[in-house]
Amino acid sequence: MGSTQEQQMSTVLESIAEHGLDHEVLETEAMAKRFPQYRLEDGDAVVLDRRAGFIRPELTIQTAARRAEQLGAVIHRYTTVREIVPLANGVEIRTDAGSDRFDTAVVTPGPWVNDLLPELPWEVDVRRLISAWFVSTTGVWFGEERPAFIRTSPTQCYGLPSPDGISVKLGLSQALHKLAGDPNQLDRTVQPEELEVYRDLIGRYLPDLHPEPIRLSVYMEGYTKSSRPLVGPLPGTGNENVILLAGFSGYGFKLSPAYGDIAADLALNGSSAQPIDFISTADRTAA
Ligand SMILES: Cc1cc2nc3c(=O)[nH]c(=O)nc-3n(C[C@H](O)[C@H](O)[C@H](O)COP(=O)(O)OP(=O)(O)OC[C@H]3O[C@@H](n4cnc5c(N)ncnc54)[C@H](O)[C@@H]3O)c2cc1C
């Protein structure tokens, strides 16, 4: 292993030890036998997280929305919020359908954060993410064990066998996502040259995958410079009636139940028992 890889490996192992994670360190030969879909290079080291899994985001969101409605929430679907106006004793939400007053608003506009809150004092970069799906030529990805993977070096990327049992989804790290500009004008066309990085990865590390994608999708995400999200009261409003959660920097989904709890506590009690100082908007000078 090179020194950077050794450093990365020791950080990973320290974190595993600190959190008592159920894991295996796999040597090259064991890896080739057990997971032949990956080609390793000299210096690569592999850690298997035995309890890792994946989330079905669409099903998760629809289930959460349905549950919220069962508990009394009212969802205004396909309704764009045009303005959020903090008031002395509440907040007004303006939409094309009219306006409503509430005690508190939790605002989670994702990549539209700069659009909805142009006065935001922190920079949130909106980046364009391409997800690409490739066919497994031998089906080797769909054995009994189907772990998702993250490669940290030299090109940071991730992937997972799709539940459809046919394709493998690949994604890239933040550094490889271009700035998106206006989120309402996102360029959803993938140019052939944008696929080169995937072809390189497949040629070098994932030999079983056919190098031409069968599906491409373009998404957006908001990134802060520190990769730490912005969580807490919106500054400059003179009150704490607007709670912002934004800039999740590629890591918002897996932690959404925890962020939901934090948002509810901030909205209802003005504080959270969770250790949120490192992501808090209070006294935050830089994103
Ligand atoms: C391809 C891809 C892969 C990812 N993989 C992972 C992963 O493996 N693990 C992980 O933890 N995270 C992952 N993420 C990141 C995760 O999806 C985000 O961090 C998370 O969804 C952010 O949640 P959010 O609620 O802030 O924003 P979003 O999920 O973007 O939701 C914002 C919502 O607000 C709505 N909205 C915006 N403006 C308005 C307005 N004016 N009026 C009304 N509605 C509005 C939007 O329509 C949208 O529905 C991934 C993201 C992408 C794009």
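Of the residues that form the shell around the ligand, the largest share, 3 residues, comes from strand β12, in what is a predicted model. Strand β12, which covers residues 215–223, is joined in this role by β7, residues 125–135, since each of these strands supplies at least two residues of the shell. Altogether 21 residues surround the ligand, and the closest of them are Val81, Glu221, Gly252, Phe253 and Lys254. When the residues of the shell are sorted by character, they divide into 12 nonpolar, 7 polar and 2 charged.

Within this shell, it helps to look at individual contacts made by oxygen atoms of the ligand. An oxygen atom of the ligand lies 2.7 Å from an N or O atom in the side chain of Glu221, so that with a cut-off of 3.5 Å for a pair of N or O atoms the pair counts as a polar contact. The backbone takes part as well: a polar backbone atom of Phe253 is 2.9 Å from an oxygen atom of the ligand, and a polar backbone atom of Lys254 is 2.7 Å from an oxygen atom of the ligand. Taken on its own, the ligand has 990 Å² of accessible area, and the protein covers 65% of this.

From the ligand we can turn to a helix and the loop that comes after it. Helix α3 runs over residues 57–70, which makes 14 residues, and from its first C-alpha to its last it reaches 20 Å, close to the 20 Å expected at 1.5 Å a residue. In an α-helix there are 3.6 residues a turn, so residues three or four places apart point the same way. After α3 comes Gly72, whose phi is positive, near 110 degrees. Farther along, in the loop between α3 and β3, Tyr78 has a positive phi of about 50 degrees although it is not a glycine. The background to this remark is that most residues other than glycine have a negative phi, and most peptide bonds are trans.

The loop that holds Tyr78 leads to β3, and β3 belongs to an open sheet of 3 strands with the order β3-β4-β5 and antiparallel pairing. Its edge strands are β3, residues 81–87, and β5, each of which pairs on one side only. From one strand to the next, the twist averages 20 degrees. Between β3 and β4 there are 6 bridges, and the two strands run antiparallel; here Val85 stands opposite Glu92 in β4. Strand β4, residues 90–95, is in turn joined by 5 bridges to β5, residues 98–102, again with the strands running antiparallel, and in this pair Val91 has Phe102 of β5 as its bridge partner. The connection from β4 to β5 is a hairpin that passes through 2 residues. In a regular strand the side chains alternate between the two faces of the sheet.

Another open sheet of 3 strands has the order β6-β14-β13, and its pairing is mixed. Strands β6, residues 105–107, and β13, residues 230–233, stand at the edges with a single partner strand each, so one side of each is left without a neighbour in the sheet. On average, and with direction ignored, neighbouring strands of this sheet are turned by 10 degrees against each other. One of the pairings joins β6 to β14, residues 242–246, in the parallel sense over 3 bridges, and within it the bridge partner of Val106 is Ile243 of β14.

A last feature to find lies in the loop between β8, residues 149–151, and β9, residues 157–161, which is the place of Pro154. The peptide bond that joins Ser153 and Pro154 is cis, with an omega of about -5 degrees.

Terms used. Residues are numbered from 1 along each chain as its sequence is written. This is a predicted model: local features need pLDDT of at least 70, side-chain atom pairs count only at pLDDT 80 or more; totals for chains, interfaces and linings use all residues. Side-chain values use heavy atoms; hydrogens and water are left out. A residue is near a molecule or strand if one of its heavy atoms lies within 4 Å of it. A polar contact is a pair of N or O atoms within 3.5 Å; within protein, one must be able to donate a hydrogen and the other to accept it, and residues adjacent in sequence count only if both atoms are side-chain atoms. Accessible areas come from the Shrake-Rupley method with a 1.4 Å probe; for residues, only the protein chains shown count as cover. Helices (H or I, at least four residues) and strands (E, at least two) are DSSP runs, numbered from the N terminus. Ala, Val, Leu, Ile, Met, Phe, Trp, Tyr, Cys and Pro count as nonpolar, Asp, Glu, Lys and Arg as charged, and the others, Gly among them, as polar. The expected span of a helix is 1.5 Å times one less than its number of residues. Two strands pair if DSSP finds at least two bridges between them. Axes are lines fitted to C-alpha atoms, for helices over the stretch in contact, and angles run from 0 to 180 degrees between N-to-C directions.
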